[in-house]
Amino acid sequence: MHSSRPPGRPLRKVLSALAGAALLLGIAGAVPGPAAADDTRAVPAAQAAAVTFAEEFDGPAGSAVNAGRWQLETGDNVNNHERQYYTAGTANAALDGQGHLVITARRENPGNYTCWYGRCEYTSARLNTAGRFTAQYGRVEARMKVPRGQGMWPAFWMLGNDLGQVGWPNSGEIDVMENVGFEPSTVHGTLHGPGYSGAGGIGAGYTLPGGQAFADAFHTFAVDWAPDRITWSVDGNVYQTRTPADLGGRSWVFNKPFFLILNLAVGGYWPGDPDGSTVFPQQLVVDHVRVTTGDGPGTGGRITGFGGKCVDVAAAGTANGTAVQLYDCNATAAQQWTVGADGTVRALGKCLDAASGGTADGTLVQLWECNGTAAQRWVVTAARDIVNPQADKCLDATGNSSANGTRLQLWTCSGTANQKWTVG
């Protein structure tokens with residue numbers, strides 16, 4: 001695949017700022033409002049707190065982003081030979097009054113900025129959460145509409161919060177989404193770390209079917225991130241998973257806090273410079289950025305059900321399609337589940353899933369790559385049901401059995417003992 005970037009992408013300002021930053025400064029993001037009093041399927045408040053960052057970009061048109069969450073970087077980027085100057089204020093990054101952040105790249109230089117190549121030809125914006133918010137594991141997603149045109153380079157990505165201490169690429173970099181203008185139908189997800197940075201990054205691309213362009217509509221770009229495992233998806237379609245086994249013995253540097261970055265670059269080694277076909281201004285429009293918790297140290301718990309047995313991943317398998325069953329409760333990771341405010345129920349870095357998105361009685365449940373689809377959405381009710389809202393059916397022990405190995409399935413909610421579960 002194409003290189004995501006040559007070495008040294010981080011701006012100097014970020015490196016110096018992080019040298020004195022705390023390693024983990026989490027902030028409370030917006031969480032869903034309280035459910036109606038008669039809604040017995042509301043997620044308990046303790047689980048809703050698992051939404052650690054929810055940026056919806058609400059505010060008046062022309063206003064700045066929330067400075068408690070985001071800082072604007074300024075300057076140019078000689079390391080990638082990008083052409084833009086990143087500005088402060090709202091000139092290139094502002095809310096549109098309709099729930100979006102708009103990052104605008106312009107062919108202009110009203111501030112008479114100087115770039116590595118002389119007088120700057122373009123302005124744009126780059127925002128990060130360093131010193132304000134870091135994530136470690138969970139689902140990290142952004143819903144965005146990218147710009148179009150030769151030389152455009154929008155990105156949603158993360159850097160290790162120890163960047164100021166260890167430098168890049170030792171800090172690690174997780175590129176959730178990058179697009180270069182000469183590939184209007186393709187985005188890329190990439191890992192960079194020691195010995196696999198720049199052109200040697202480990203990643204893959206995802207291409208829309210039928211010649212569609214990402215600039216034509218909003219799309220959701222996400223990673224589901226667990227210890228030693230990262231999975232990329234676009235609109236719920238998983239297109240790659242990476243683990244330490246993909247690194248050929250090189251160091252996996254992704255089991256630690258990372259901060260978030262949004263930017264729109266113009267030109268550079270990878271996308272090439274704009275040409276006569278490129279129309280300005282161009283915009284990266286961001287509808288939301290959300291981080292919800294997933295598998296992580298100390299976040300797991302048992303789900304106990306019929307006959308005092310536990311919800312269990314058969315043989316602790318991690319392959320897609322691994323059976324989910326009842327089994328004698330034990331202390332293994334196959335019985336450690338995380339119930340997140342994003343509606344997922346996770347174990348071993350994957351999600352509880354209704355097979356083939358089925359909604360009929362008897363649809364078996366399984367372990368599958370987390371992909372954001374309705375087949376992986378669950379609600380734990382006050383009545384101790386675990387409900388898949390798409391099917392409007394309950395998690396059920398097949399055949400009213402509590403024997404070891406009993407498969408779990410979807411079934412019409414009936415209030416019977418084989419549909420009652422205790423989480424944690």
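Guide: A disulfide, as the word is used here, is a pair of cysteine sulfur atoms within 2.5 Å. The model is a predicted one, in which local features need pLDDT of at least 70 and side-chain atom pairs count only at pLDDT 80 or more, while totals for chains, interfaces and linings use all residues. Residues are numbered from 1 along each chain as its sequence is written, and side-chain values use heavy atoms, with hydrogens and water left out.

Visitor: Which pattern do the disulfides of the protein chain follow?

Guide: The structure holds four disulfides. When the bonded cysteines are counted along the chain, the pattern of these disulfides is 1-2, 3-4, 5-6, 7-8.

Visitor: How far apart in sequence are the parts tied together by C351 and C370?

Guide: C351 and C370 form a disulfide whose sulfur atoms are 2.1 Å apart, and its torsion about the S-S bond is about 100 degrees, so the link is right-handed. C351 belongs to strand β25, whereas C370 sits in the loop between β26 and β27 (strands are DSSP runs of E of at least two residues, helices runs of H or I of at least four, numbered from the N terminus), and the distance along the chain is 19 residues.

Visitor: What is the relative accessible area of C329?

Guide: The sulfur atoms of C329 and C310 are 2.1 Å apart in a disulfide. C310 lies in strand β21 and C329 in the loop between β22 and β23, so the link ties together parts 19 residues apart in sequence. C310 is buried at 0% (buried means under 20% relative accessible area, exposed over 50%, partly exposed in between, with a 1.4 Å probe and protein chains only). C329, by contrast, is partly exposed, with a relative accessible area of 28%.

Visitor: Is C413 buried or partly exposed?

Guide: C413 forms a disulfide with C394, with 2.1 Å between their sulfur atoms. This pair joins strand β29, which holds C394, to the loop between β30 and β31, which holds C413. C394 counts as buried at 0% relative accessibility, while C413, at 29%, counts as partly exposed.

Visitor: Which strands stand at the edges of the open sheet formed by β27, β28, β29 and β30?

Guide: Four strands form this open sheet in the order β27-β28-β29-β30, with antiparallel pairing (two strands pair if DSSP finds at least two bridges between them). Two of them have a single partner strand each, so one side of each is left without a neighbour in the sheet, and these are β27 and β30.

Visitor: How many residues of strand β12 are buried?

Guide: Strand β12 pairs with β11 in the antiparallel sense over five bridges, and four bridges join β12 to β13, also antiparallel. Strand β12 covers residues 173-178 and is largely enclosed by the rest of the structure, because the buried residues number six of the six.

Visitor: How far apart in sequence are the parts that K256 and D162 tie together?

Guide: A salt bridge is a side-chain nitrogen of Lys or Arg within 4 Å of a carboxyl oxygen of Asp or Glu, and K256 and D162 form one, with their closest N and O atoms 2.9 Å apart. K256 lies in the loop between β17 and β18 and D162 in the loop between β11 and α3, so the pair ties together parts whose distance in sequence is 94 residues.

Visitor: Which residue meets R126 in a salt bridge?

Guide: A search of the whole structure finds 17 salt bridges. R126 is buried, and so is its partner. The N to O distance in this salt bridge is 2.9 Å, and the partner of R126 is E73.
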